[in-house]
Amino acid sequence: MSLSIPINLAVEDDLSEAVLTKMLPARYDVGVCYKKGGFGYLKKKIRGFNDASNSMPFLVLTDLDMGECAPVLIEEWLPVPVHHNLLFRVTVREVESWVLADHDRFAKFLGIRKTLVPVNVDTIDDPKEYLINLARGSRSRDLREDIVPAKGSTAKQGPGYNDRLVSFVREFWDPCEAMRNSPSLARTIRAVENFQPEWDH
Amino acid sequence: MIVSHITLKNWRNFQSVDVDLGNRVFLVGPNASGKSNFLDVFRFLRDITNPGGGLQKAISDRGGIPKIRCLAARRESDVEIEVSLAETATKETSWRYAIGIEQEGHGHRNTYLTYEQVWEGNQQILNRPDNADEKDRLRLTQTNLEQISLNQPFRDISNFFDSVQYLHLVPQLVRYPHAFPGPGIPGDPYGQNFLERVARTRKDTRQARLRKIEEALRVAVPHLKQLTDIKDKSGIPHLEATYKHWRPKGAKQREDQFSDGTLRLIGLLWALLDGDSLLLLEEPELSLNSGIVSKLPALMHQLQRQKRSRQRRQVILSTHSADLLSDEGIGGEEVLILSPSAEGTGVKVASSIREIRDLLEGGLSIADAVLPRTVRQMELGAFK
């Protein structure tokens, strides 16, 4: 049996944190989660995380959004060699697609038909908008009010969006089920499963 | 019911205000822009309707008309307040209440109503001064709103104003209420009698609320358990919790040992659970860790939902916090920007400003799009 691996997280938002926490195998022991709203903070601090990986492994997760592909993003953010202990992962295109990837449970959570969720979620251009549109069809008024922004609002998400999705991920979301529908999630899960930190002595 | 619209003339530092309000309203602006003065309108209306209150007391408690009237106001102008009330944010206005107040230019400098008007829907049901007022000018020193014998046709309005709550809890006052003797402030805004209020609440309601609060505190203050209220030997109410440490039973702590943040959070959560009328909050972010502050808007949204009526309780709050305003679920239509100028402070809905609307459409949060407009730099040169 291997020893537990200490690791720090660096993510864009609460939902990404919830997804990583649920996804990490039990042998990981999460320390600090660095999160300051959005990718700007991560992009600015990534070199610091890379340097700090010497003494503590880091798992950084960011959204590809409309970017070309993950390797290009990594190369652009971190033009220096990526430390072995820095796991730099990119969701295609947003963490919402990983949430949607567990079709059955997500459809059940919203109370909608599961055929409404596409098979390969990595092909959805704007997963967040897609998810919110699915929630519009939910039978639960409370869920709709929380996830969907009010009519005429400039907000891009409802007032209880994070709360609802974070609790869905914590309570129901199954990464093993979800990885079948998202190649980018599958790659991340495999990377995390195979990871062994290297320590400087 | 919620206040769906408000217009003000010459109220404190506002010469003229005319804005819509929704279920949640976030007031932002630099220091001394008038955020508390804006909240004070609703407290003023409450003070008029409160038993033992009334127009004259509400004015004298505030230091008289010269303190209330906008300094930027031109001569001979009265103070005017008009509010529209609606069942919910999406429904039509059900009530409209308007008053004008002025001070005599000479003599005793008494304060009189210049008018008092009430509309039920589109129909006006009160229009003063009427004949009786013309005959007896003294009648204009009181509103019909404050008089039970006269406000029966619009009792809903006076009940609504009467139950407005304002909270700006000062932890030191909660801990040491007896160190600050005196008559206390109407409505107990600073929490001096907070513990008594908790103790006066019906037992099952009180216990249910404290359980909910303990649940919410679980993440913020994980070592605090079993939050209950007790009375000491002299009958003075206290809050008590078990502070978990390495000893199996933990240790009991009372409110005077709670941290500022814990007390403020308990007060805030209690206020959110207490009642269903308009709640005014002054900088709820004070003393709280940024991780908790960023969750406050969602928490308010969750607790605003009324179990029985499916209506939402209205919350109006002032804030300087970027963490609070970073919540992407806050829309530009929920934010009022207060900008001071030589003509008094102007109030605008954030999304009505084209530039801000564009920034929000472009994916910026309220904190990113709005707060830079409220920042003022302090010159440190004088301290060198």
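I started with helix α1 (residues 35-49) of chain B, which lies across β3 (24-28), β8, β12, β13 (315-318) and β14 of chain B. I noted its direction as about 145° to β12(B). The model is a predicted one, and I read every value below as computed.

**Entry: the sheet under the helix.** I looked up the strand order next. In chain B, six strands make an open sheet, ordered β8-β12-β13-β3-β14-β15, with mixed pairing. I wrote down β8 (165-167) and β15 (346-349) of chain B as the edge strands, each paired on one side only. The average turn between neighbouring strands of this sheet is 20°, with direction ignored. At the β15 end, I found four bridges between β14 (residues 335-339) of chain B and β15(B), in the antiparallel sense. Ser339(B) has Gly346(B) of β15(B) opposite it.

**Entry: nonpolar cores.** I then asked which residues have the most contacts inside the largest nonpolar core. They are Leu21(B), Phe38(B), Phe42(B), Phe44(B) and Leu336(B), in a core of 50 residues. Helix α1(B) gives this core its largest share, seven residues. I logged a second, separate core as well; it has 49 residues, among them Phe194(B), Leu217(B), Ile356(B) and Val370(B). As background, nonpolar side chains in soluble globular proteins tend to be buried together.

I took Leu21(B) for a closer look and left out residues up to four places away in sequence. Its contacts include Ile2(B), Val3(B), Ser4(B), His5(B) and Ile6(B). I also listed Phe38(B), Phe42(B), Gln314(B), Ile316(B) and Leu336(B) as residues that Leu21(B) touches.

**Entry: the β1-β2 hairpin.** I counted six bridges between β1(B) and β2(B), which run antiparallel. Trp11(B) has Phe14(B) in β2(B) as its bridge partner. Two residues lie between the strands of this hairpin, and Arg12(B) takes a positive phi near 50° there. I checked the loop assignment: Arg12(B) sits between β1 (2-11) and β2 (14-20) of chain B. Is Arg12(B) buried or exposed? I recorded it as buried, because its relative accessibility is 18% and the limit for that class is under 20%.

**Entry: Glu283(B) and the largest cavity.** I found another positive phi at Glu283(B), about 40°, and this residue is not a glycine. Glu283(B) belongs to the loop between β12 (279-282) and α10 (290-293) of chain B.

The search for enclosed space gave two cavities of 30 Å³ or more. I noted about 60 Å³ for the largest cavity. Glu283(B) is one of its lining residues, along with Leu281(B), Glu282(B) and Pro284(B). I also wrote down Leu167(B), His168(B), Leu169(B), Arg264(B) and Leu268(B) as part of that lining. From chain B, α9 (260-273) and β12 each supply at least two lining residues of the largest cavity.

**Entry: cis peptide bonds.** I ended with omega. In chain A, the bond that joins Val92(A) and Arg93(A) is cis, with omega about -15°. I placed Arg93(A) in the loop between β4 (86-91) and α4 (95-100) of chain A. In chain B, I found a cis bond from Arg128(B) to Pro129(B), with omega near 0°. Pro129(B) is in the loop between β7 (123-128) and α4 (131-135) of chain B.

Terms used. Residues numbered from 1 in each chain as written. Chains lettered and ligands numbered in written order. Predicted model: local features only at pLDDT ≥ 70, side-chain atom pairs only at ≥ 80, totals over all residues. Heavy atoms only, no water. Buried < 20%, exposed > 50% of the residue type's maximum accessible area, 1.4 Å probe, protein only. Pairing = 2+ DSSP bridges. Axes fitted to C-alpha atoms, helices over the stretch in contact; angles between N-to-C directions. Contact = heavy atoms within 4.5 Å. Core = buried A, V, L, I, M, F, W, Y, C linked by side-chain atoms within 4.5 Å. 1 Å grid on protein atoms, 1.4 Å probe; cavity = no way out; pocket = protein on both sides within 12 Å on 5 of 7 lines; lining within 4 Å. Points joined across faces, edges and corners; volume = space filled by probe spheres on them.
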